[in-house]
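Here are a few friendly notes to read alongside the model. Take them one at a time, and keep the picture open as you go.

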Protein chains: 2
Amino acid sequence: MTDEETPQDPVDPASTKAAKGADGRPYHHGDLQRALVEAGRRLLEREGSAALSLRAVAREAGVSAAAPYHHFKDRAALLYAIAHEGNVALNETMKTAFEASSPGRERIIAVGVAYVEFALQNPALYRLMFETTRLYDHYPDTSEAEGEIPRLMASTFGASMPARKSDMDRHLAAMAGWSMFRGLAEVAQFRTLKPFKGLLGGERAFLEAVLGRLDFSDRPEPES
Amino acid sequence: MTDEETPQDPVDPASTKAAKGADGRPYHHGDLQRALVEAGRRLLEREGSAALSLRAVAREAGVSAAAPYHHFKDRAALLYAIAHEGNVALNETMKTAFEASSPGRERIIAVGVAYVEFALQNPALYRLMFETTRLYDHYPDTSEAEGEIPRLMASTFGASMPARKSDMDRHLAAMAGWSMFRGLAEVAQFRTLKPFKGLLGGERAFLEAVLGRLDFSDRPEPES
DNA sequence: CAACCATCTTGACGGCGCTCAAATAGGTAT
DNA sequence: ATACCTATTTGAGCGCCGTCAAGATGGTTG
């Protein structure tokens, strides 16, 4: 991640137009859109989601308060862009865990641990993704990474079952897994659980033990 | 619904100060603390959580913008009070479901359905409770109802297991159940699931089917 | 009655999201 | 180079927000 906002052009500070300031930054920001998203992520990690105001992001990126509006329709659009990056990252994490594991119970737990650990390591970002996904749920064009997570869930659980199983059962298992992942991602953040995790041998052991409480067994058709 | 004055205009010359409970201390305009919380809940249902500004709540209650500060330390304290009411209500709902069911698998599903249905019926309030509980997690004096929910979870799951099972296992099962409840409360709100629920025979059937994916079986000690 | 004091209002401050006209820089055609 | 064009950035301004200090209001009490 090149979160370096130094000027990449060796502009001559004396000859170039410097009406705005002597910081050497070219008047035309190279890629303000990108810089804003990165400033937002930086701010999110450093100060938490409460500090994620448009003005603060603009300040962090070193531009005026109105500048973002030429790259994002409104505040929500900027937050959406940040959340989208998070979704891409989470999706990658899950996919890696998926591919590094073999089908079945082991894989479900591995993907779940990856999911929850991502949330624990990026709590503010996760919560932003969470909120944003909810707000844009009804939008017809939720983008690639957002849609991929449920798909990955389905194949994670689908592959762990005999092929003869109905799609309904597969979907239900995926829903249960997804719910468990999301719920655990929240519950595991409670500070009161810390000693409990210690007793179990660490956070990862805790996550695996809880996720192990998902029912992986075959089941009779729910109907018929 | 145009701008209608709230019917609780404080000028009620006949009974300005009388007719208030012996416990309350309604000096000027009645019990403003109570009125503010109710105004907040009203606003939450009518306009959603985005409209829950301190000024809006004060307006809804018919007082000046600064009046709430004599009853709540800041905006967060007011939101906390509203969320607390929600926690009391949720706790009651769960307790009722608990007592109306018999121990074991049936009970776990009944309590889970009660939990998730509360969230689905009061989405804005649930989300507020959710956020607030998280923010105040580290406070030493989280109040009665907030603490009772985990306790109820523990006994819901604890009673479903043989007594010889270790506390650890009981707690883990409760954590898994709690995670599932919370996650499902979020996931079940996605509009895209509507047809899926229909195929299953309605929302309740969907909830029961997903919750049924919790592992209720006995397990070996997680550590050995 | 008058003094008191809890209660609420007024008015102000700074920060916010958002909009808009005006200014400026970089690239391109002349 | 010159002049233009377009994208980018700015500064001012609107209305709303949370918050605070000081003043007004009115019930309670000596």
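1. Start where the two chains meet. In this predicted model, chain A and chain B each bring 26 residues to the contact. On the side of chain A that touches chain B, α7 (167–187) and α9 (203–211) each supply at least two residues. The largest share, 14 residues, comes from α7(A).

2. What kinds of residues make up the side of chain A that touches chain B? They divide into 15 nonpolar, five polar and six charged.

3. Now compare the two copies. A turn of 180 degrees, with a shift of 0.0 Å along the axis, lays chain A on chain B with an RMSD of 0.1 Å. That is how a two-fold axis relates two copies. If you want to find the axis in the picture, look for G183(A): in chain A, its C-alpha is the nearest to the axis, at 1.9 Å.

4. Why can we say that the copies meet through the same surface? Because 100% of the interface residues of chain A are interface residues in chain B as well.

5. Next, look inside one chain. Chain A is divided into domain 1 (29–72) and domain 2 (75–212). Their contact takes 13 residues from domain 1 of chain A and 11 residues from domain 2 of chain A.

6. On the side of domain 1 of chain A that touches domain 2 of chain A, the elements giving two or more residues are α1 (32–47) and α2 (54–61) of chain A. Here α1(A) provides the largest share, six residues. By kind, the residues of this side are eight nonpolar, three polar and two charged.

Key: Residues are numbered from 1 along each chain as its sequence is written. Chains are lettered from A and ligands numbered from 1 in the order in which they are written. This is a predicted model: local features need pLDDT of at least 70, side-chain atom pairs count only at pLDDT 80 or more; totals for chains, interfaces and linings use all residues. Copies are superposed by least squares on the C-alpha atoms of residues with pLDDT of at least 70 in both. Two residues are in contact if their C-beta atoms, placed from the backbone, lie within 7 Å. Domain bounds come from an automatic or database domain assignment. Helices (H or I, at least four residues) and strands (E, at least two) are DSSP runs, numbered from the N terminus. Ala, Val, Leu, Ile, Met, Phe, Trp, Tyr, Cys and Pro count as nonpolar, Asp, Glu, Lys and Arg as charged, and the others, Gly among them, as polar.
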